[in-house]
Amino acid sequence: MLAVPAALAQCPVKLMCTAPNRAGGANPAVLVAARKAGVEQIFKVGGAQAIAAMAYGSETIAKCDKVFGPGNAYVTAAKILAAQDAAGAALDLPAGVTEVMVIADDEARPEFVAADLLAQAEHSPDAQAILVTTQPAFAAAVFAEVQRQRALLSRATILAESVEAMRLIVVDSLQTAFEIANAYAPEHLILEIREARSWLPYISTAGAVFLGHWSPETLGDYCSGPNHTLPTYGYARAYSGLALEDFQRRITVQELTPSGLKELGPTATILAGLEGLDAHAAAVSIRLEALR
């Protein structure tokens, strides 16, 4: 998710931190994927300390200009703090504890929706999973499915906490459901409703949207195409998901000819005068005098 756009943007330096396992080793699959994606340097360190090392530099890890990637609440807090420090590093976006909201109508299948909620709930105890539906009976059916399916899953300890915080909300209309979604600004928004695509104009804040009954969020995690580093905590109101341009800088260039300066110069001196910036105006007028 991060190395591919970095490579496309031709970033000259790419280093990665990955949390070690209990034995002190790194996940072999992660290492292979990183090498194939063109990562030159890999360090076995995770959490807020990895953010600090990349933002400020250490004896072994070079200081970076910008830090990318999702993480837990501590990682997100560390990225925000480092970005606020002139000596630190910029951040891509606040991408922390995962969250999903499913909007469902009477055409949805309870087993599908329950599976989608549990797929996010298994990430961590503080993961958020929310269903908004117009059908009270459907909400009850989803609740029953969540209890049935969670008993079959391996992350029982995590699910015991995250499912406790799961919310199933019944509303009077789909319009109200979308008002709630826009206020919540979910990282993942799944629309398991009839003619799902026709409801896209109603969405103003979401990290990523999954349309219809056959678009599980898991595909977005791994292989459906768009980058899956997404804003959480309601930051979708101000941030978009990660994209190629996040690895690039835009630099504007201006050059005026003498005739161009004669044409635009008076406008600049008037505006500078309105702001009370005499030196700004003088930088133009001195040149206009030289052209007479």
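Q: What share of the protein's accessible surface belongs to carbon and sulfur atoms?
A: This is a predicted model, where local features need pLDDT of at least 70 and side-chain atom pairs count only at pLDDT 80 or more, while totals for chains, interfaces and linings use all residues. Residues are numbered from 1 along each chain as its sequence is written, and side-chain values use heavy atoms, with hydrogens and water left out. Accessible areas come from the Shrake-Rupley method with a 1.4 Å probe, and for residues only the protein chains shown count as cover. The accessible surface comes to about 16600 Å², and the share belonging to carbon and sulfur atoms is 57%.

Q: What is the radius of gyration of the protein?
A: The protein has 11 helices and 9 strands (DSSP runs numbered from the N terminus: H or I of at least four residues for helices, E of at least two for strands). For 292 residues the globule rule (2.2 Å times the number of residues to the power 0.38) gives 19 Å. The protein is more spread out than a compact globule, because its radius of gyration, taken over C-alpha atoms, is well over that, at 25 Å.

Q: How many aromatic pairs are there?
A: You describe a pair of aromatic rings by the distance of the centres and the angle of the planes. Rings of Phe, Tyr and Trp (its six-membered ring) pair if their centres lie within 6.5 Å; planes under 30 degrees apart are stacked, over 60 edge-to-face, and the rest tilted. By this rule the count of aromatic pairs is 6.

Q: Why do F68 and F247 count as a stacked pair, and how far apart are they in sequence?
A: Their ring centres are 3.9 Å apart and their planes sit at 5°, so the pair is stacked. F68 is in the loop between β3 (66–67) and α4 (73–84), and F247 is in the loop between α9 (217–222) and α10 (258–274), so the pair ties together parts whose separation in sequence is 179 residues.

Q: Is F247 buried or exposed?
A: Buried means under 20% relative accessible area, exposed over 50%, and partly exposed in between (1.4 Å probe, protein chains only). F247 has a relative accessible area of 12%, so F247 is buried.

Q: Which residues does S162 contact, leaving aside neighbours within four places in sequence?
A: S162 sits in helix α7 (residues 156–162) and is buried, with a relative accessible area of 1%. Contact means heavy atoms within 4.5 Å. With those neighbours left aside, the residues in contact with S162 are A121, S124, P125 and A127.
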